[in-house]
Amino acid sequence: MRSNSPTATLIKVVSLFHYLPASTTRIVFPLFNLLSSHHQLLSLLRPASAFVSLPTHPCQLSFCSSSSSSSSSTNPRSPLRKVVETHPSSRKITAINAIRSYSAEQTEIYSIMPPSPPSITYEILSEQNATTTNAIIEHYSTSSEFLSLAKSEGDGILQRDDEDASKLQKGIDIAKEKGVLDPQFVPEEYIEVDVLGKSPEDVADEILGTVRKGGDGDGGSGGGGVVVLCGLSGTGKGTTVAKLKEKLEKEDKKRVVCWSNGNIFRSVTLLAVTWCEQQEDCDGFDPSKALTKENLASFMGMLEFGKFNGKFDTKITGLGLNLLISEVQNTQLKSPKVSKNIPTVAEVTQGEVVLFASDAISKMGADGIFTLLEGREQTVNYVRTPLRFTLTLSDTSLIGKRRAAQRLAAGALKEVGRKDGDKGEEEKEEVVGKALDGQLESMVKEAEAGN
């Protein structure tokens with residue numbers, strides 16, 4: 001066989017597969033996928049041995065013609081399509097001996113090229129949901145820059161979660177020492193739900209399977225109930241709560257409320273700051289004077305949960321204030337004087353707020369309302385219900401990937417702006433792709449600068 005013959009060239013190219021890196025699983029592709037016009041060579045091959053063992057790194061093998069005498073209709077590009085049995089222990093190319101000769105008039109070469117990453121359309125980007133996140137993760141699955149950003153994001157999330165858990169536990173310990181919370185209290189057991197590979201709807205359906213089978217939880221005697229949802233940041237708690245609410249309302253015809261302790265902490269902070277403003281000997285917010293045991297008891301007494309204007313709400317009455325949380329939650333409760341002092345107030349009011357929330361949820365349950373409570377275990381433990389779930393992620397690297405993808409999606413959508421109806425689909429995809437790449441480059445630099 002001449003060293004420069006088409007067959008020899010072909011064997012040299014295919015032989016390179018032997019040196020590709022190994023992988024846990026190998027997908028074996030047929031060495032050749034000849035067109036009907038190549039029956040001469042096809043007859044020379046042994047189908048049973050015409051296999052090549054490849055790593056899972058996907059390659060596209062195209063059989064293409066360089067002959068000027070061959071028309072595109074008889075010799076089009078034809079990617080290898082068939083996938084056959086797996087041989088994880090073999091890396092040898094067994095098809096070489098099946099090749100005998102090939103017509104010199106038809107010079108055929110194999111081109112081996114990695115597939116392009118899946119493109120992301122403007123429609124997918126604009127959804128800004130799990131579909132967007134998953135598409136971006138797949139798009140950058142082999143990008144070292146994205147994986148670096150994802151690791152940085154994941155490490156930061158886990159660190160913040162640990163810090164938050166430590167601070168919350170400190171607050172709970174203070175409440176126990178003050179006698180606000182029972183130190184012997186033991187919550188009901190949590191049910192773990194691994195969200196790996198599941199959509200928010202899948203996770204919600206899994207939780208609802210238990211809810212519908214086990215009753216409504218101990219939310220009161222009026223047909224209401226309580227579902228407690230915990231988990232690390234990035235496991236999809238917020239999305240799952242939204243999906244649970246939607247399904248419970250539409251499919252189970254429940255009246256559903258999503259409860260958060262955040263507004264109660266903000267309300268206590270507003271009262272503490274207002275108290276300081278009314279004291280002559282206070283220069284700004286003074287926690288040592290404002291957050292005494294007596295003052296905290298007084299502040300909590302100024303909060304009332306019940307029905308106001310025909311719906312459940314929390315009323316703040318005292319120190320010259322007469323407010324409903326629903327009316328000021330995005331204004332006064334988010335003012336700078338409140339926001340900057342919440343951590344200080346929250347540390348010493350965990351017990352008081354937990355008990356307030358537990359009482360409020362019981363009142364709603366007695367009225368037939370189903371409550372979805374999302375939060376940290378340290379605080380939601382004290383709400384009685386057998387329907388307690390913890391979202392987990394067996395592949396923790398996805399926590400960082402999800403957060404990185406969410407940031408890229410938000411930044412790219414802002415950069416792309418409104419959809420241009422005059423642009424074609426390919427042009428739109430190109431604009432989105434460039435925006436995502438630009439955001440990734442910028443965020444990687446930002447992460448490196450912060451390390």
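## A walk through the structure

In this predicted model, a good place to begin is Phe305, which has 6% relative accessibility and therefore counts as buried, since the cut-off for that word is under 20%. Its aromatic partner is Trp259: the two rings form an edge-to-face pair, with 5.6 Å from centre to centre and 75° between the planes. Trp259 has a relative accessibility of 10%, so this residue counts as buried too.

Where do these two residues sit? Trp259 belongs to strand β8 (residues 255-259) and Phe305 to strand β9 (residues 303-308), so their pairing ties together parts that are 46 residues apart in sequence. Phe312 joins them as well: ring pairs link Trp259, Phe305 and Phe312 into a cluster.

Let us stay with aromatic rings for a moment. A pair of them is described by the distance of the centres and the angle of the planes. The structure holds four aromatic pairs. One of them brings together Tyr140 and Phe146, whose ring centres are 5.7 Å apart; because their planes meet at 20°, this pair is stacked. Both Tyr140 and Phe146 are buried.

Phe146 also leads us to the helices, as it is one of the residues of helix α5 that make the contact with helix α15. Helix α5 spans residues 144-178 and helix α15 spans residues 397-416; their axes come within 7 Å and cross at roughly 110°. That angle makes α5 roughly perpendicular to α15. The crossing of the two helices is right-handed. On the α5 side, the contact residues include Leu147, Ala150, Ile157 and Arg160, and on the α15 side they include Ile399, Arg403, Ala404 and Leu408.

Now turn to strand β7, which covers residues 225-231. Is this strand buried or exposed? Seven of its seven residues are buried, so β7 is largely enclosed by the rest of the structure. In a regular strand the side chains alternate between the two faces of the sheet. Here, Gly225, Val227, Leu229 and Gly231 point one way from β7, while Val226, Val228 and Cys230 point the other way, and all are buried.

Which strands does β7 pair with? Five bridges join β7 to strand β12 (residues 369-374), and these two run parallel. Within that pairing, Val227 has Leu372 of β12 as its bridge partner. Another four bridges join β7 to strand β13 (residues 388-392), again in a parallel arrangement. There, Leu229 stands opposite Phe389 of β13.

Methods. Residues numbered from 1 in each chain as written. Predicted model: local features only at pLDDT ≥ 70, side-chain atom pairs only at ≥ 80, totals over all residues. Heavy atoms only, no water. Buried < 20%, exposed > 50% of the residue type's maximum accessible area, 1.4 Å probe, protein only. Pairing = 2+ DSSP bridges. Phe/Tyr/Trp six-rings, centres within 6.5 Å; stacked < 30°, edge-to-face > 60°. Axes fitted to C-alpha atoms, helices over the stretch in contact; angles between N-to-C directions. Parallel < 35°, antiparallel > 145°, perpendicular 65-115°, else oblique. Left-handed = near helix turned anticlockwise from the far one by under 90°. Contact = heavy atoms within 4.5 Å.
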